[in-house]
Amino acid sequence: MATAAPPVSSTKETTNYARLCRLLVDVGTQALRDTFDTIYPPANLHAILSATKTTLQSLRTKKVINATQWGKLFPAIPTSVSSAHFDITLLMVLLRNVCGLPSPAAGWDTLPAVTDVSREADVARVKYYRNTVYGHAECASVDDSMFNACWGDIRDTLVRLGGMKYKAAIDNLETECMDPEAEDHYKEALSQWKKDEDSVKDKLDEVIKKLDDLTSSSLPQSKESAIEGKSTVLEELSDPALCRERGHETETLDHYCKNCKVRVCDKCGRTRHTHHTKVNIQQATEEEKLKMEEIVEQVKLRIVDLEMQMKTTTELLTISKEKITAARKDVWTTVEELIRELKKHERAMVTQLDFIEKEQQRDHSTQLEHLQASVNELKSSVLTCEEILHKKVSIETLQAQQAEIERCRGILQAPKKDIYKTCQLRYQINEEYHKSLTGSAPGELIVSKTDPLRSCLKWDDWRRWEAGKKQSFEVELNSSDKNFWHRNINNIDEIKVKVHSPTGVDYELECNFAFLGSHCFAFRPLCDGEHEVTASVNDQPLPGTPLRLLVAPHQYNRIIKHQPRRKTQFKEPCAVAIDTKTGNWAVADRKKQRVQIFSFLGYDLNKLGQSEPVLKEPTSVAFTQSGDVIVISAGAMFLFTTNGKFIEKVSNKHLKDPFSVTFASDGRMVVCDSSDKSVKVLSPDGTELLQSFRAPDSEDSPWEAVCHQDMFFVSYPTATCVKTFNKDGDFLYDIGKENRGEGRLSKPRGLAVDAFGSLIVCDEENKSLSFFKLTGTFLKMIRSDRWDCPWSIAVSPSTLSAWFIVADPNTKSVIICE
């Protein structure tokens, strides 16, 4: 009798359990990996692991680390080791044993106190929460209250470990749709993690039990082993034989002399071996066992290394075969292309010759016809004349004779036909092309003697890598061939150096200089963060690559206070802007009720608002894509040329009280409207409303908004933060509100995103400029005696010569930072 299949559809509770599994497996693993990379930078990981190999070897001996994990820690090419290949169990073992983290107050296996938010406590929490979630594995479901509690605790732990960048990802994961297959995958992954760690514990218990058994084993048992005929060193040490020295025949050999490497009795130890190092025979046996275990482990590791070398050799052979196949294909393609071109030339020449031959044949036939017609006509005249000559003379004969004579004379006096002329034709051989074909081959096989495994990528590891500053790489080629340098003069090797930036952009670098096997490449990073560098020679990666280099944010080290002439001095500069095309910059002065335009070098060019329309207390200024200037004054927007000519008043029925204006890279106008406390995005000419949004659950008024990479960053002075929105105007997260210390904003006003992707915020109350990543991570703060109240900021888009200007109404000045 058939029975109904059990239901397998997902419920809210089973999905809750799967979400927690995914959070711990995916995000938890990455957070632990980021923590490990912070302690031990990836660039020097191989050296660090070598320095801690003794500790790791001990863990390997105790079977805490298995063979697969050991192979990932110590691959055949040491510099290729990467934490990206470590599983979560291995990461947890490394963090607890070799990263220098102290044990939490409650231990590694207990939930730490709420007040303990240290790194080691959070690592212990990840394991504790794993066990808590796994406790529901049998039913694979978690109710909403349990889910919300666990999710909040785990999220806070992972954000502390990995940084604020994890917060948005975890929040998205909480509501992301999960299909049944994904649910099953993450449930199984969490279960496997638990099993792996339980297996490690079992191995440790097994090692401890074996040590206890060895310690409790008696000497008679060792003697029985020796009697069975085993002749190893361990058996000899375990055999309690009698001493052969005279007078010592009844003494058992219970001690071992480390200096002489022999067994001795108690009396020998007090006489001939009195100053030697002696140990109990059982202790010596255990030490020999440990030595043998170490040797066996080393042999096993050597086997793994050799097997890895065999695998690598096979892979290299496969690469060689692929290159040979590709070269063979190129040969066939080249020869076929040459044959095709020659056949094409042959067809063209033969067609042309056929055409010429037909023309000659036609001309010949035409001329023969004309000549034959003349012959026939002359023959007819001859016959007629001969007939007349044989007739008797009469009047008719004389008349016919006269007419025929005239006809013959006409034929004879007619112009002679041109005789057929032969065709002056020959095939002109292209000597140079013929010589190039016969004198040299269309291609050649180039066999490089360069050994990519012996070549290397070098860089200035002592120099601080900084966004916007030029850095250099050097690829040094090596070979076992003594004529290597002579062979490499023709640059027969294909060398590639690529850089993958954190923004997802890939750069392929060009070689700037090459000499005697050294090839130099230059790179200027355009953003901070971890950059991945790959280098290959003839499509084979160099040892130690990919290389991960941490690039620091760009440093503005020079602060200059702009000193205008007396007539152009400021009274209350409240807004600044830079023309991205010309480098000219503008300053809105609220008390002088004008906007001043300066050149890139700081020379005064023009003033706006001196005539109609008069600018009344301007609050914002910006450059359009065409280079014109838009000014907000008394709740209205005016458009001028840089020469001071008024163009028009920008009107839009949706704008009630515009306060500040900026422009997106695509020309859209971004306006903060004080009337409804919203941000409005307008068409480039300002006539059409494209979108409007405001901060949710907030009555704060926006001060300034900028658009960068389809995101909006809006400053709210009364909310003491910068709020971020996506391209649709949906709120994402706050910047500067949850940070502590210098990263916390007090009264943010002007803001801008520089050429290297850093958000710079003017903080009025802190009297500082705060730098953040676009994800909200605090980078640094700049304070200076050159400003007292940074109010507005504008940045240059150039990465070669980065600079920005700041308006300070308190000191009545504009400051330039480079």
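This is a short walk through a predicted model, one selection at a time.

**Stop one: the largest nonpolar core**

Start by selecting Leu32, Phe36, Leu56, Leu73 and Phe86. Within the largest nonpolar core, which has 51 residues, these five touch the most other members. Now colour the helices around them: helix 1 (12-39), helix 2 (45-51), helix 3 (53-61), helix 4 (67-73), helix 5 (88-97), helix 6 (119-134), helix 7 (144-162) and helix 8 (165-175) each put at least two residues into this core. Helix 1 is the top contributor, giving 10 residues.

Keep Phe86 on screen and bring up its surroundings. Which residues does Phe86 touch, once those up to four places away in sequence are set aside? The list runs Arg33, Phe36, Leu45, Lys72, Leu73, Val81, Leu91 and Leu94. Two of the names from the opening selection, Phe36 and Leu73, turn up again there.

There is a second core to look at too. It is separate from the one you just left, has 35 residues, and includes Trp465, Val497, Leu542 and Phe804. As background, nonpolar side chains in soluble globular proteins tend to be buried together.

**Stop two: Ser455**

Leave Leu542 displayed and add Ser455. You'll find Ser455 in the loop between helix 15 (431-439) and strand 4 (456-459). Is Ser455 buried or exposed? It counts as buried, because its relative accessibility is 3% and the cut-off for buried is under 20%. Beyond the residues up to four places away in sequence, Ser455 touches Thr450, Glu476, Leu477, Asn478, Leu542 and Pro543. So you can step straight from this serine to a member of the second core: Leu542 is one of its contacts and also belongs to that core.

**Stop three: Leu316**

Next, jump to helix 13 (residues 281-390) and pick out Leu316. At 25% relative accessibility, Leu316 is partly exposed. Show what lies around it: apart from neighbours within four places in sequence, Leu316 is in contact with Leu453 and Gln540. Try a distance label on the second of these. Leu316 and Gln540 sit 224 residues apart in sequence, yet their C-alpha atoms are 8.8 Å apart in space.

**Stop four: salt bridges**

The structure has 26 salt bridges, and three of them make good stops. In general terms, side chains of opposite charge can pair when their charged atoms come close.

Go to helix 6 and select Arg125 and Asp122, which are 3 residues apart there, about one helical turn. Their side chains form a salt bridge at 2.9 Å, N to O. Arg125 and Asp122 are both buried.

Move on to helix 8 for Asp171 and Lys167, which are 4 residues apart, again about one turn of the helix. The closest N and O atoms of this salt bridge are 3.4 Å apart. Asp171 is partly exposed with a relative accessible area of 25%, and Lys167 is partly exposed as well, at 26%.

For the third, select Lys747 and Glu765, whose salt bridge has its closest N and O atoms 3.8 Å apart. Lys747 lies in the loop between strand 29 (731-735) and strand 30 (748-753), and Glu765 in the loop between strand 31 (758-763) and strand 32 (768-773), so this pair ties together parts 18 residues apart in sequence. Lys747 is partly exposed, with a relative accessible area of 24%.

To finish, select Arg155, Asp156, Lys167 and Asp171 together: salt bridges that share partners join them into one network.

Notes: Residues are numbered from 1 along each chain as its sequence is written. This is a predicted model: local features need pLDDT of at least 70, side-chain atom pairs count only at pLDDT 80 or more; totals for chains, interfaces and linings use all residues. Side-chain values use heavy atoms; hydrogens and water are left out. Buried means under 20% relative accessible area, exposed over 50%, partly exposed in between (1.4 Å probe, protein chains only). Contact means heavy atoms within 4.5 Å. A nonpolar core is a set of buried Ala, Val, Leu, Ile, Met, Phe, Trp, Tyr and Cys residues joined through side-chain atoms within 4.5 Å. A salt bridge is a side-chain nitrogen of Lys or Arg within 4 Å of a carboxyl oxygen of Asp or Glu.
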